[in-house]
Amino acid sequence: MLEHLELFFKSIFIDNMVFAVFLGMCSYLAVSKKVTTAVGLGAAVIFVLGVTVPLNWLLDQYILQEGALTWLGPEYADYDLSFLSFIMFIATIATMVQLVEIVVEKFSPALYNSLGIFLPLIAVNCAILGGSLFMQAREIPSLALAFNYGISSGIGWFLAILAIAAIREKIRYSNVPPPLRGLGITFIITGLMGIGFQSFGGMLTGGDEGTDSPAPETAVLETPAEEAEVPVAEAEAEKKKEEVVISYNDALNK
């Protein structure tokens, strides 16, 4: 359970698709002028990620990885179809996006018209494909975690576009300097929001050094062997020096 919660919050706030890895920026900037449009596209992204990431996890585990075809028989154990990952992942994404497009056009023609070309372009949205590729690269161990990662990544992208859409609606009536109007102020706000989202990293790293940490051990300073040999060598040199002086004095006395 703790693993699911950690992945959920980390995917939303720390590894946010927009603010951490800058994926899906084209739709993020183009469809964030109105909150209603941003909500519709964000919901579509959550659905597509929530479906395609687990499906692509199954494809990766049982078809694409090296040795994944062992369930067909021992003679298929050496097959490696990982070079088909991009094609299979994009095919799965395109199928789900087509389904979303049909549903939105059927039940919400106004939203379908407002989204325009960006609704079918979800199929080539780098954030959607990035979710499946990150799932594969991080070697997520179970289908439940893959579904969790897809939903949480979609929620993170949804929060990002919803927040920037609400801010852009407000600053439309603000006195923004002419050189910064439009995408200029949008990029600045996005950078500040990214800094704010990255600060959530303390949720997963803070508190590790609690009261349960063991007491610091008393440091025991041991004299290295080389340092211990230095006084001995100096004493021997002094002794030889004294012997030479005595021998020299004896020779003079004779």
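Glu139 is an exposed residue, with a relative accessible area of 66%. In this predicted model, you can find Glu139 in the loop between helix 6 (126-137) and helix 7. Its backbone deserves a look too: phi of Glu139 is near 55 degrees, a positive value in a residue other than glycine.

Now travel back along the chain to Phe22, which sits in the loop between helix 1 and helix 2 (25-30). Phe22 is not a glycine either, and yet its phi is positive, at about 55 degrees. Is Phe22 buried or exposed? Phe22 counts as exposed because its relative accessible area is 56%, and the cut-off for that word is over 50%.

With these two loops in view, step back to the whole chain. The secondary structure consists of ten helices and zero strands, so a walk along the sequence simply reads α-α-α-α-α-α-α-α-α-α. The protein chain has 254 residues, and 34% of them count as buried. Its accessible surface comes to about 15700 Å², with 65% of that area belonging to carbon and sulfur atoms. How do the parts of the chain meet? Take the contacts with a separation of 6 or more: 77% of these are between residues 24 or more positions apart.

Next, let us visit the pockets. The largest pocket has a volume of about 210 Å³. Which helix gives the most to the lining of the largest pocket? That is helix 1 (residues 2-14), with five residues. The full lining is made up of Glu3, Glu6, Leu7, Lys10, Ser11, Asp15, Arg138, Ile140, Pro141 and Leu145. Sorted by class, this lining holds five charged residues, four nonpolar ones and one polar one. If you return to Glu139 in its loop between helix 6 and helix 7, you can look along the chain to Arg138 and Ile140, which are among the residues lining this pocket.

The second largest pocket has a volume of about 160 Å³. Around it you will find Lys33, Arg168, Ile171, Arg172, Val176, Arg181, Gly182, Ile185 and Thr186. Two helices to pick out here are helix 7 (143-171) and helix 8 (183-198), each of which supplies at least two residues of the lining. By class, four of the lining residues are charged, three are nonpolar and two are polar.

Technical notes. Residues are numbered from 1 along each chain as its sequence is written. This is a predicted model: local features need pLDDT of at least 70, side-chain atom pairs count only at pLDDT 80 or more; totals for chains, interfaces and linings use all residues. Side-chain values use heavy atoms; hydrogens and water are left out. On a 1 Å grid over the protein atoms alone, a cavity is a set of points where a 1.4 Å probe fits but cannot get out, and a pocket is an open set with protein on both sides within 12 Å along at least five of seven lines; lining residues have an atom within 4 Å of a point. Grid points are joined across faces, edges and corners, and a volume is the space filled by probe spheres set on the points. Helices (H or I, at least four residues) and strands (E, at least two) are DSSP runs, numbered from the N terminus. Ala, Val, Leu, Ile, Met, Phe, Trp, Tyr, Cys and Pro count as nonpolar, Asp, Glu, Lys and Arg as charged, and the others, Gly among them, as polar. Buried means under 20% relative accessible area, exposed over 50%, partly exposed in between (1.4 Å probe, protein chains only). Contact means heavy atoms within 4.5 Å. Accessible areas come from the Shrake-Rupley method with a 1.4 Å probe; for residues, only the protein chains shown count as cover.
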